[in-house]
Amino acid sequence: MTELAQHKDVAEQLAPEVLPEYIASNVLDGAAREEAISMMRRLAAHVRNKTTDQAPGNFQEPVENYADEELFRSEVELLFKRIPLPLALSVELPEKNSYRAIEAVGVPVVLTRDARGEVHAMLNICRHRGALICGEGRGSTRALTCPYHAWSYGLDGELKGVYGESTFGEFDKSDRGLIQLPVVEAAGLIFVCLTPGLQIDIDAWLGDFKPVLESLKLDQCHIFSSRMMPGPNWKVVIEGYLEGYHFASLHPNTVGKSNFSNTAIFDGFGAHERVAFALRNLENHLDDPEETWDPSANVGPIIWLFPGMAFAGSWRERMTCSLVLPTTKVDASITEQRVITRTPVTPDDVPDLEIFRDFFYDVTYGEDYITGYGVQKGVRNVGGTTQLYGRNEPGVQYVHQTINRLMKENFTEGHVLPREA
Ligand code: FES
Ligand SMILES: [Fe+2]
């Protein structure tokens, strides 16, 4: 069976039958509500006029940008190893003495919250002979113990115990702690830089996007589930989160039922961006007084943190958070898709939440990513041409312009963000 036939099979198996219920929340207040009302006002005008936010012109990128090995290695070195990556939500390390191990762009990382509540990020690599210390996942512990010869480390990375120490021979234990990575906690997220010794300036990196992120109140949320999803090249994947031009054609029985197609607003915030779609429900409220508007039931924002974290359904009771990262191969990415709730999950909520979780997994993988695998095959088999991004795809244009800008700045100046320590 060819790759394309396999993909078609998967898509057919995953086609969701039940649409999950969208549940509004009361997370919006003060300035965040005003901002959301202004977004709803812009979307209402687009629904009335059958328009959408537009970039000044079209934009193009060579197709090779999605398949070129050398460019991919530069993206990993200049982007993914130099900028702060949101590798966890703060609520995933909720307690003192907890850890989370994750692989990011092929680098094994362990995040910990120590006995004083302080967060650390370290390479998950033993300083004896390099074994992986923790398997992927999270848990509670007071020490990280290597499975190979049982060396143990404190949650701050200090080497504490060497099995059979009297037989091992003398060495400086203080020089054999786990290798520390720069880490900062902000807006309910834990940001890690994969290059030791760099310094994260999180306020400079988030800029005016920080209040947008903070309005999600991530530090008060609860994680219901987390699933890994393979995908094609990371840029092929992220494009799908940043436009609603494809809703009617690719998602006629799913997202296209709840969202208008090709009806969106776009705002850029430094490297980050927000794209919001008009929900079909908005059509019922066009003439209502604005004081009665509920943006959480009528606006579908994607709050998007560079280089690949998308919060969808951001102001509702239930949302998804997808973190897209490259693997070590140009044509493969990995997405961690989480379902997040605003109120603690009770046993009664579980069946509905499972439907919600499966719906978004099935739509994202079975519709978007399967289409992305086709794009990947396409770009591998045409040369000397370009991808063309329309005026109605400003979010996609913006992310490519941001990638190009940061690649150039990080290459020519050695660094932009974070700055060298
Ligand atoms: S490699 Fe970890 S204890 Fe030997
Ligand atoms: Fe999609």
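A residue is counted as buried here if 20 or more other C-beta atoms lie within 10 Å of its own. By that criterion strand 18 is mostly covered, since nine of its nine residues are buried. The model in which this strand lies is a predicted one, and the account below moves from the division of the chain to its two sheets, then to strand 18 and its neighbours, and finally to the nonpolar core.

**Domains and their contact**

The protein chain is divided into domain 1, which covers 3-78 + 204-412, and domain 2, which covers 85-198. The centres of domain 1 and domain 2, taken over C-alpha atoms, are separated by 32 Å. To the contact, domain 1 brings 17 residues and domain 2 brings twelve residues. On the side of domain 1 that touches domain 2, at least two residues come from each of helix 6 (210-214), strand 13 (222-231) and strand 18 (318-326). The residues of that side comprise eleven nonpolar, three polar and three charged ones.

**The seven-stranded sheet**

An open sheet is formed by seven strands in the order 13-19-18-17-16-15-14, with antiparallel pairing. Strand 13 and strand 14 (259-269) stand at its edges with a single partner strand each, so one side of each is left without a neighbour in the sheet. On average, and with direction ignored, neighbouring strands of this sheet are turned by 20° against each other. Helix 11 packs on the sheet and touches strand 13, strand 18 and strand 19, with its direction making about 20° with that of strand 13.

Three strand pairs, one of them from the three-stranded sheet described further below, are set out here.

| Strand pair | Sense | Bridges |
|---|---|---|
| Strand 17 (residues 309-312) and strand 18 | antiparallel | four bridges |
| Strand 18 and strand 19 (residues 333-341) | antiparallel | nine bridges |
| Strand 11 and strand 12 (residues 189-192) | antiparallel | four bridges |

**Strand 18 and its partners**

In a regular strand the side chains alternate between the two faces of the sheet. In strand 18, Arg 318, Thr 320, Ser 322, Val 324 and Pro 326 point one way, while Met 319, Cys 321, Leu 323 and Leu 325 point the other way, and all are buried. Towards strand 19, Thr 320 stands opposite Val 339, and Cys 321 stands opposite Arg 338. Strand 18 is joined to strand 19 by a hairpin through six residues. A hairpin is also formed by strand 17 and strand 18, with five residues between them, and Gly 313 in its turn has a positive phi of about 75°.

Ala 310 belongs to strand 17, and its bridge partner in strand 18 is Ser 322. Because Ala 310 has 23 C-beta neighbours inside 10 Å, this residue counts as buried. When residues up to four places away in sequence are not counted, Ala 310 touches Tyr 241, Ile 302, Trp 304 and Ser 322. The C-alpha atom of Ala 310 is separated by 20 Å from that of Tyr 66, a residue 244 residues apart from it along the chain.

**The three-stranded sheet**

A further open sheet has three strands in the order 2-12-11, and its pairing is antiparallel. Strand 2 (85-89) and strand 11 (183-186) stand at the edges and have a single partner strand each, so one side of each is left without a neighbour in the sheet. From one strand to the next, the twist averages 30°. Within this sheet, Val 183 has Val 192 of strand 12 as its bridge partner.

Ile 190, with its neighbours within four places in sequence left aside, is in contact with Leu 87, Ala 88, Ser 90, Leu 93, Leu 111, Val 119, Val 183 and Glu 185.

**The nonpolar core**

The largest nonpolar core has 108 residues, and those with the most contacts inside it are Leu 87, Val 109, Leu 111, Leu 181, Ile 190, Val 192 and Ile 302. Helix 11 (residues 350-381) gives the most to this core, with seven residues. At least three residues of the core are drawn from each of domain 1 and domain 2. Several residues already described recur in this list: Ile 190 is among those with the most contacts inside the core, and two of its own contacts, Leu 87 and Leu 111, are named there too. Ile 302, likewise in the list, is one of the residues that Ala 310 touches.

Definitions and conventions
Residues numbered from 1 in each chain as written. Chains lettered and ligands numbered in written order. Predicted model: local features only at pLDDT ≥ 70, side-chain atom pairs only at ≥ 80, totals over all residues. Pairing = 2+ DSSP bridges. Axes fitted to C-alpha atoms, helices over the stretch in contact; angles between N-to-C directions. Core = buried A, V, L, I, M, F, W, Y, C linked by C-beta atoms within 7 Å. Buried ≥ 20, exposed ≤ 12 C-beta atoms within 10 Å, placed from the backbone. Domains from an automatic or database assignment. Contact = placed C-beta atoms within 7 Å. Nonpolar A, V, L, I, M, F, W, Y, C, P; charged D, E, K, R; others polar.
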